[in-house]
Amino acid sequence: MMHRRMSKKKYIQLKANAHIPCMRIWCGHCKTMVKTCQSKPLSECSHIEKLQYRFVGFIPGTKKRIVRSLGTDFSEAVKQVATLRQKLDAGEIEERLPKRQTTIAEAPVPHTGAKPELLVHTFGKYLATLKGEGVAPHLRLIRSKSHISDVKSCFKNFVLALHAARIDTTQFKLNEINDNVVGKFHDYLIEKGYSDSVYNRWFSTLTTFASYAESEEYGNVKRFFERVPRKTITPRPEVITKEEFQKVLSVITYENGFQKGIGKHERTRNHFRPYLITAFRFALTGRRLEELIMARFSDVHCDPNGKPLLIEFTDFKVSRILHTAEGKERKLHSPVTNQISRFLYEQGLQEKRNSNEFIIAPEITSNRVPTVKSALSRGFSHFWKVAHPDKPLKTFKVLRKVVMTALKIRMGADIRPISGHSGEQVLRNYIDEKQVALASSLEDFTVFGDGEEEIIQSKKQQKKKLTIER
């Protein structure tokens, strides 16, 4: 019991309803000031180890605020407050830029019990909602970790843009967003050189967030994000040749896998994985990364003689968007080409048919999707640079573009039932129109049909006859 009292005294000794001018209590967990006292004392706060004293004052004659951390010792904090007030009155304290607030506190729980109003808190609450934390079962969203990570990056950069504009992010509220604030984010993205696709995606993310905030009765700021003109993006997908692909496969070795000078700490990483060649060959089905990673031998449909006809993939992307229940996800059926058929037999289809074994990297079971996804994405980029150091970088996505372009050349008609794309506009991002045009022979094509050629030949004959008569 004695130890417990000493522990409380060590952390905090000032009651929330006590008043010392310019002295406040700051919660490092909730990232906010503790302004009022609840029914229980602060000593029983679940985040007591994160509480500390702060000096908050204003430069005389201005609205410029001065904030200084004072630690956790009450007596020492009171002395520092007295000293800082004297310096402030004498004009000896200069304003300094607020400390960067880039941490998005997820699911914050303010001491007052009221819903969070600060922008960083609202960002955190939205991220928690995407993860399904504190949400009723029927309202939970199904979002991938990569999507949530991108949303978090968007929020972090928005906060950084505010900080760069000398806006105190520790006090900025959601309802303070306006065209001027959004303009700061626009300038920040342009200055940092973010691509047009990232620019459009992040403003769409903020528009979706604003819709959520409005549904939670935070006020309407959606219009400020919604009316931002999106960048025009002209897709220029360029595929690779068979020879280029085979050369990438040929250089995949442990010795070639090393990459030096990664990040600010100049780390070294080896991108070689035993399953890379297998995965890259399987990618010629044209499916997305997660679909390839989660495909099993039982997903291969064969005829009575055991010949593979098609592979049934799970469309995770669309299933998440449609909030499809687990086990009832949307399916996509990819026809098995001779190339993929040989690949499946090499991987042991005859013995593993109808088994639940994964087709690629079956040995990886823990944290499977992010582990294999990262290895494939980074691995292809690295070995492409090894194989083609003088050519523009190609990423793993180019394999999907190769397949979509080949299907368009072969079928000509709408390939969306196979590709799984929602519309032709989206599909255009994956088809190399130049290759389609080159593959379309027009030697025997005439605009007006055979009649045009007959008229031309008739005119030539008439001209020849007149020449002979003369």
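Is glutamate 244 buried or exposed? In this predicted model, glutamate 244 is buried, its relative accessible area being 14%, and because buried means under 20% relative accessible area, the value falls within that class.

**Salt bridges**

Over the whole structure, a search finds 11 salt bridges, and three of them are set out below with the distance between the closest N and O atoms of each pair.

| Acidic residue | Basic residue | Closest N and O atoms |
|---|---|---|
| Glutamate 244 | Lysine 391 | 2.8 Å |
| Aspartate 315 | Arginine 288 | 3.3 Å |
| Glutamate 357 | Lysine 352 | 3.0 Å |

Glutamate 244 forms its salt bridge with lysine 391, the closest N and O atoms lying 2.8 Å apart. This pair links distant parts of the chain, since glutamate 244 belongs to helix α8 (residues 242-250), whereas lysine 391 sits in the loop between α14 (368-387) and α15 (397-411), 147 residues apart. The two partners also fall into separate accessibility classes: glutamate 244 is buried at 14%, while lysine 391 is partly exposed, with a relative accessible area of 39%.

Aspartate 315 and arginine 288 form another salt bridge, with their closest N and O atoms 3.3 Å apart. Here too distant parts of the chain are linked, with aspartate 315 in the loop between β8 (308-314) and α11 (316-321) and arginine 288 in the loop between α9 (276-282) and α10 (289-293), 27 residues apart. Both aspartate 315 and arginine 288 are buried. These two residues also belong to a network of salt bridges that links Arg287, Arg288, Glu291, Asp315 and Arg330.

In the pair of glutamate 357 and lysine 352, whose closest N and O atoms are 3.0 Å apart, glutamate 357 is partly exposed at a relative accessible area of 30%, and lysine 352 likewise counts as partly exposed, at 27% relative accessibility.

**Packing of two helices**

Two packed helices are described by the angle between their axes and by the distance between those axes. Helix α4 (residues 145-164) and helix α6 (residues 196-215) pack at an angle of about 90°, and their axes are 10 Å apart; α4 and α6 are therefore roughly perpendicular to each other. On the α4 side the contact is made by Asp150, Val151, Ser153, Cys154, Phe155, Asn157 and Phe158, which meet Arg201, Trp202, Thr205, Leu206 and Phe209 in α6. By residue class, this contact of α4 with α6 divides into 7 nonpolar, 3 polar and 2 charged residues.

Key
Residues numbered from 1 in each chain as written. Predicted model: local features only at pLDDT ≥ 70, side-chain atom pairs only at ≥ 80, totals over all residues. Heavy atoms only, no water. Salt bridge = Lys/Arg side-chain N within 4 Å of Asp/Glu carboxyl O. Helix = DSSP H or I, 4+ residues; strand = E, 2+ residues; numbered from the N terminus. Buried < 20%, exposed > 50% of the residue type's maximum accessible area, 1.4 Å probe, protein only. Axes fitted to C-alpha atoms, helices over the stretch in contact; angles between N-to-C directions. Parallel < 35°, antiparallel > 145°, perpendicular 65-115°, else oblique. Contact = heavy atoms within 4.5 Å. Nonpolar A, V, L, I, M, F, W, Y, C, P; charged D, E, K, R; others polar.
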